[in-house]
Amino acid sequence: LRAVVLAALMVLWVFAGTVAFAGSAAAATVNLSGGDVWENEEFYQGEDITITTDLSEGTSVQLREVTSRQDDGSPSATSPRATRTVDGTGAVTFRTGSLTEGSYVLQEGTSNGFYDGTDFDDTTLGNAVEANLVIQTVDVSFGEDEVRAGESVDFEYESPQRGGDYN
């Protein structure tokens, strides 16, 4: 029995390391100048979000979390969570590993304009479009009660965001 428990712990430890490594490599790309939509886009915590804009190199862009809302549901207050500088290709990349689940808007640093679905010219927060950051939970269970050297183990997991069976 002890050997079975130790083998199961070892398999879980290796699997957890693989899941953490795979999650760290995830990336999402949004091309605002190419017609992609930021509004209601859903990203997963741990993804790197690269946003291509028509802003000039060196312009700062803030990713701001919506902290309160007006009666009509539009954002009324935000808090800055990350600031990045537009590179030579017009892109900024935000890492989401330390961000909390919630709604986020983009604000350009020079004019303080919010992204409104078209550009960064609108300084009215209530007109800003929002994207959502989701924390994905993973439940793992064993398909077998015993694990022996040389055998394979099937893992099944359930997630409301991403489903399927993986070996």
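Student: Which residues have the most contacts inside the largest nonpolar core?

Tutor: They are Leu-32, Trp-38, Ile-51, Leu-63, Phe-94 and Leu-106, in a core of 21 residues. Keep in mind that this is a predicted model. The elements giving two or more residues to this core are S3, S4, S6, S7 and S8.

Student: What is Trp-38 in contact with, leaving aside its neighbours within four places in sequence?

Tutor: Trp-38 touches Leu-32, Phe-43, Ile-49, Ile-51, Leu-63, Tyr-104, Val-105, Leu-106, Tyr-115, Val-129, Glu-130 and Ala-131. There is also a second, separate core of five residues, with Val-105, Phe-114, Leu-125 and Ala-128 among them.

Student: Let's turn to charges. How many salt bridges does the structure hold?

Tutor: It holds three.

Student: Why is the pair Asp-48 and Arg-95 called a salt bridge?

Tutor: The closest N and O atoms of Asp-48 and Arg-95 are 3.3 Å apart. The cut-off is within 4 Å, for a side-chain nitrogen of Lys or Arg and a carboxyl oxygen of Asp or Glu. Since 3.3 Å is within 4 Å, the pair counts as a salt bridge. Asp-48 lies in strand S3 (residues 48-52) and Arg-95 in strand S6 (residues 91-95), so the bridge ties together parts that are 47 residues apart in sequence.

Student: What makes Asp-48 buried?

Tutor: Its relative accessible area is 18%, and buried means under 20%. The value for Asp-48 is under that limit, so Asp-48 is buried.

Student: And is Arg-95 buried or exposed?

Tutor: Arg-95 has a relative accessible area of 55%. Exposed means over 50%, so Arg-95 is exposed.

Student: How do you know that Glu-65 and Arg-81 form a salt bridge?

Tutor: Their closest N and O atoms are 2.8 Å apart, which is within 4 Å, so the pair qualifies. This pair links distant parts of the chain: Glu-65 is in strand S4 (residues 60-69) and Arg-81 in strand S5 (residues 75-85), 16 residues apart.

Student: Why is Arg-81 called partly exposed?

Tutor: Arg-81 has a relative accessible area of 41%. That lies in between the limits of 20% and 50%, so Arg-81 is partly exposed. Its partner Glu-65, at 10% relative accessibility, counts as buried.

Student: What makes Arg-69 and Glu-130 a salt bridge?

Tutor: Their side chains meet at 2.6 Å, N to O. That is within 4 Å, so the term fits. Arg-69 sits in strand S4, while Glu-130 sits in the loop between strand S7 (102-108) and strand S8 (131-134), 61 residues apart. Arg-69 is partly exposed at 40%, whereas Glu-130 is buried at 14%.

Student: Where is Thr-96, and how do you know that it is buried?

Tutor: Thr-96 is in the loop between S6 and S7. Its relative accessible area is 1%, which is under 20%, so Thr-96 is buried.

Student: What polar atoms does the side chain of Thr-96 reach?

Tutor: A polar atom of the Thr-96 side chain lies 2.8 Å from the backbone nitrogen of Gly-46. The side chain of Thr-96 also reaches the backbone oxygen of Glu-47 at 2.6 Å.

Student: How confident is the predictor?

Tutor: The chain averages a pLDDT of 78, and 67% of the residues score at least 70. Over residues 14-25, pLDDT stays under 50, and the model has three contacts beyond four places in sequence for them.

Terms used: Residues are numbered from 1 along each chain as its sequence is written. This is a predicted model: local features need pLDDT of at least 70, side-chain atom pairs count only at pLDDT 80 or more; totals for chains, interfaces and linings use all residues. Side-chain values use heavy atoms; hydrogens and water are left out. Helices (H or I, at least four residues) and strands (E, at least two) are DSSP runs, numbered from the N terminus. Buried means under 20% relative accessible area, exposed over 50%, partly exposed in between (1.4 Å probe, protein chains only). A nonpolar core is a set of buried Ala, Val, Leu, Ile, Met, Phe, Trp, Tyr and Cys residues joined through side-chain atoms within 4.5 Å. Contact means heavy atoms within 4.5 Å. pLDDT is the predictor's confidence in each residue, from 0 to 100. A polar contact is a pair of N or O atoms within 3.5 Å; within protein, one must be able to donate a hydrogen and the other to accept it, and residues adjacent in sequence count only if both atoms are side-chain atoms.
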